[in-house]
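The following exercises concern one protein structure. Each states a task and then works through a solution step by step.

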Amino acid sequence: MDIPQSYKILGDRLVVNNKECQIQFDVVNQWNDGCIMNATLYNNSDKNIEDWSMECSFDFEIQNIWRAKIESQNGNTYKLTNCEYNSVIRPGESETFGMQIHFPGGAEFKKPYDIKLYQYRKDDWYLDFDKEWNRTMIRANDEKVLAALQKNKNTIKIGVIDSGIDYSSNIKVAASENFVTAYTEKNPIFGDLSGHGTAVAGILASDPSRNEDSYQFDNKYLKQLTTEKVSGINPYVKLYSAEVLDESNKTTVDQLVNGINWAVEKGVKILNISCGLEKDSAKLHNAIKNASAKGILIVAAAGDGQTVQYPAKYEEVMAVGSVKCNGEQTGSSPTGNEIEVVAPGEDVTTYGPFEILANQSGTSMAAPQVSALAAILWQQDPSQPADFIRKLIDASAHPLGEPAKYGYGLIDCAYALEQYGTFAEGYHAAGTEKMSLLADNDHTLLLTDEEVVRGYWGGDEHKVLAKNRIAKFGAVWPDRKESTMRGMKDHPEFHGYYKKDYVNAYITMTKVASKLYKDGKFPKSKGDFYNNIKKTANLGFKFHNIKKKEDKANFVYGMALHTVADIFSHSTAGVKGNNRDKLKTKSLTSLCKQWKVLKHGPKKKDGTFYADKNFADSTKCISSRYNKSAKRVCGAIINQAVSKYKTGNKKVFENIYYYKSVKKALKIKKESNKKNYVIKSYGILNLTKYLKPGKNTKLNSVINNAANANIKKVVEGWK
């Protein structure tokens, strides 16, 4: 077994200052050449002091010590540590240890000085290791694989049948469709209701080279987990996202079938289904048969239980099980004759809510790695049939043991490519059984110590804001019918609509969240909006079974995120159109006339908007309002929430980005540059009215460069 040598524990000793912990020394008994002295540590902070240690200078000999240990002594410098059983000092409490001191008779006694107190808080560490160990295990980093990725780039279409995919610069989605009937409209930033689909897409196709600059968090761990990026197995595919799972990762047969049929209509070559049903369904099987008959390769997670679920159980589908980093079957991966191959599926690093890295587990995380490999193989020759791709993956896998657990074994990207030509000759010449066409895969299997990979994150902030997804639930809640606050025109405060003071709405929600975090109670009623926040939040708490005060606060902070993100959809003016390159062919005069509010467009019979006409929610229509504005503002809000739930701060809006400032725009002389400005710039309606900057020069600068009225004056001047 190969154990990686590059990992390390991060989390330096933290200095505890005298405001957080007061240290007091008391001599309780003294004689001619010695004394008994107690040292008491008072925790004045609002967090545990954990695994404490003390360094000090002391001019006398410590002969004996209790409730603490002498770790080292160098001259008159002592290092004292806790005894493990008393390592934690809770807020408002104290810890006392005693010492027997010896000093020369008649000497003047002096207490310790130059005191430094340290702690190693266990909720502030994480294990830094190779976050792409799964790529190494399936040999996706091999030079042959990296070269093969460059052939027929971005031609293979993959339908991701899941919970949707959050808008991200490093996970490109060609098209998406929502089949969750509880939602008729969602902000693209929160397109993934649960975070499950985004995690799957990240493992499959994320491309760190396409990443925009991340928001810089104050919290060093969140900062690292948003700055670092991971690469999917195959970044060069076209993803078609069918949103069929709700925020609880549940779906219906109809939603699942509708998502599959939509992806088939889009012409995908691969279906990746990371969800399933325990019972067979004729309707579902017919949809699978239809897709298979059209030459589509269907890859599905086997499920996380004792038996393989549907559709993975159908013979038309590749059922994917999961293994740990040491090559053993994961505890949640089912056993059954339907298992075809396996892939890494425990503690795989990918993107969680708000693009914060997280470890995810399950056969759902294994399946996209198989789909990615299938796309790599298909890129070498798109004319090959799905059966060829499927059998080549099977034949090139590493046998791991019992077929009911591992099928043909662990997928191997490099070996599949090495044997591509040989396998193709045999397959097309005789159609012989797959296992007789290739020699056994005898490459060294790269394994990892599972204890090293586990325990990736342990921080409270990450648990609250990402891992338990509570904030994400709050961020999509106002768009769900059960919230009773759906619809920007009926409830503008909850959807960033300029008919109401959307800035104040955001600030009010953060104040409510701060109060909930403090004592679990809502502020006393201050009007209709407060009452509506309380009403819809309580409905959300009940719907998601939220009981802890921290989770309630997190949920309402998510609602504030929703409001701010929606501002860029519902209160934005600019030049509409998803094909921005085509707009460049129009005259400057016609472009200036198109400077209008970006609207959703007409609705279909089912109440949803046409994707190509919904400019308000389209990430292709002035993409910078999402990737360089809305996302950064959301990052600033999360940063506040991590920092002890600060209430709303107008400086959040300083993170708004605009293509050019008004002052610079006025100096533009060349017509092509003016056209480019009109196409890429936009303005937030009534921003001056709602922000009321006063003497805040930074906020004034934002408004002067961004408010719709200011930009429109420049545009009108170019007609």
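**Exercise 1. Confidence**

Task: Determine over which residues the pLDDT stays under 50, and how many contacts beyond four places in sequence the model has there.

Solution. The structure is a predicted model, and confidence is therefore examined before geometry. In residues 1-12 the pLDDT stays under 50, and the model has 29 contacts beyond four places in sequence for this stretch. A further stretch, residues 455-467, also has a pLDDT below 50; beyond near neighbours in sequence, the model gives residues 455-467 48 contacts. By element, the lowest confidence falls in strand S1 (residues 8-10), with a mean of 38, and the highest in S17, at 98. For the protein as a whole the average pLDDT is 86, and 91% of the residues score at least 70.

**Exercise 2. The open sheet**

Task: State in which order the 7 strands of the open sheet are arranged, and which strands form its edges.

Solution. The order is S15-S16-S14-S17-S18-S19-S20, and the pairing is parallel. Strand S15 (173-178) and strand S20 (339-344) each pair on one side only, which makes them the edge strands. On average, neighbouring strands of this sheet are turned by 25° against each other, direction ignored.

The next step takes one pair from the sheet. Strand S14 (residues 157-162) runs parallel to strand S17 (residues 270-273), and 4 bridges join the two. Within this pair, Val160 has Asn272 in S17 as its bridge partner. Helix H3 (residues 196-205) lies across S14, strand S16 (238-243) and S17, and H3 runs at about 155° to S14.

**Exercise 3. A hairpin**

Task: Decide whether strands S8 and S9 pair in the parallel or the antiparallel sense, and describe the turn between them.

Solution. Strand S8 (residues 69-74) and strand S9 (residues 77-81) are antiparallel, with 5 bridges between them. Ile70 stands opposite Leu80 in S9. The two strands form a hairpin with 2 residues between them. In the turn, Gly75 has a positive phi of about 65°.

**Exercise 4. Nonpolar cores**

Task: Name the residues that touch the most other members of the largest nonpolar core, and list what Ile393 touches.

Solution. The largest nonpolar core has 194 residues, of which Leu239, Ile260, Ile393 and Val678 touch the most other members. Leaving aside residues up to four places away in sequence, Ile393 touches Met318, Val341, Val370, Leu373, Ala374, Leu377 and Ile411. Another core, of 25 residues, lies apart from the largest one; among its residues are Phe25, Cys35, Ala39 and Leu41.

**Exercise 5. Salt bridges**

Task: For the salt bridges of Lys283, Lys631 and Lys391, identify each partner and establish whether the residues are buried or partly exposed.

Solution. The structure contains 18 salt bridges.

1. Lys283 meets Asp254 at 2.7 Å, N to O. Lys283 belongs to helix H6 (residues 282-293) and Asp254 to helix H5 (residues 253-265), so the pair ties together parts 29 residues apart in sequence. Lys283, with a relative accessible area of 45%, is partly exposed, as is Asp254 at 41%.

2. Lys631 pairs with Glu355, and their closest N and O atoms are 2.7 Å apart. This pair links distant parts of the chain, 276 residues apart: Lys631 is in helix H20 (residues 624-642), and Glu355 is in the loop between strand S21 (348-351) and strand S22 (357-360). Buried means under 20% relative accessible area. Lys631 has 17% relative accessibility and therefore counts as buried; Glu355 has 18% and therefore also counts as buried.

3. Lys391 pairs with Asp387, with 3.2 Å between the closest N and O atoms. Lys391 and Asp387 are 4 residues apart in helix H8 (residues 386-395), so about one helical turn separates them. Lys391 counts as partly exposed at 24% relative accessibility, and Asp387 is partly exposed at 33%.

Salt bridges with shared partners also join Arg139, Asp142, Lys144, Asp412 and Glu418 into one network.

**Exercise 6. The setting of Lys674**

Task: Establish in which helix Lys674 lies and which residues Lys674 touches.

Solution. Lys674 lies in helix H22 (residues 671-680). Its relative accessibility is 17%, so Lys674 counts as buried. Not counting residues up to four places away in sequence, Lys674 touches Leu588, Ile668, Lys669 and Trp718. Between Lys674 and Cys592 the C-alpha to C-alpha distance is 9.9 Å, while the two are 82 residues apart in sequence.

How values were computed:
Residues numbered from 1 in each chain as written. Predicted model: local features only at pLDDT ≥ 70, side-chain atom pairs only at ≥ 80, totals over all residues. Heavy atoms only, no water. Pairing = 2+ DSSP bridges. Axes fitted to C-alpha atoms, helices over the stretch in contact; angles between N-to-C directions. Contact = heavy atoms within 4.5 Å. Core = buried A, V, L, I, M, F, W, Y, C linked by side-chain atoms within 4.5 Å. Buried < 20%, exposed > 50% of the residue type's maximum accessible area, 1.4 Å probe, protein only. pLDDT = per-residue confidence, 0-100. Salt bridge = Lys/Arg side-chain N within 4 Å of Asp/Glu carboxyl O.
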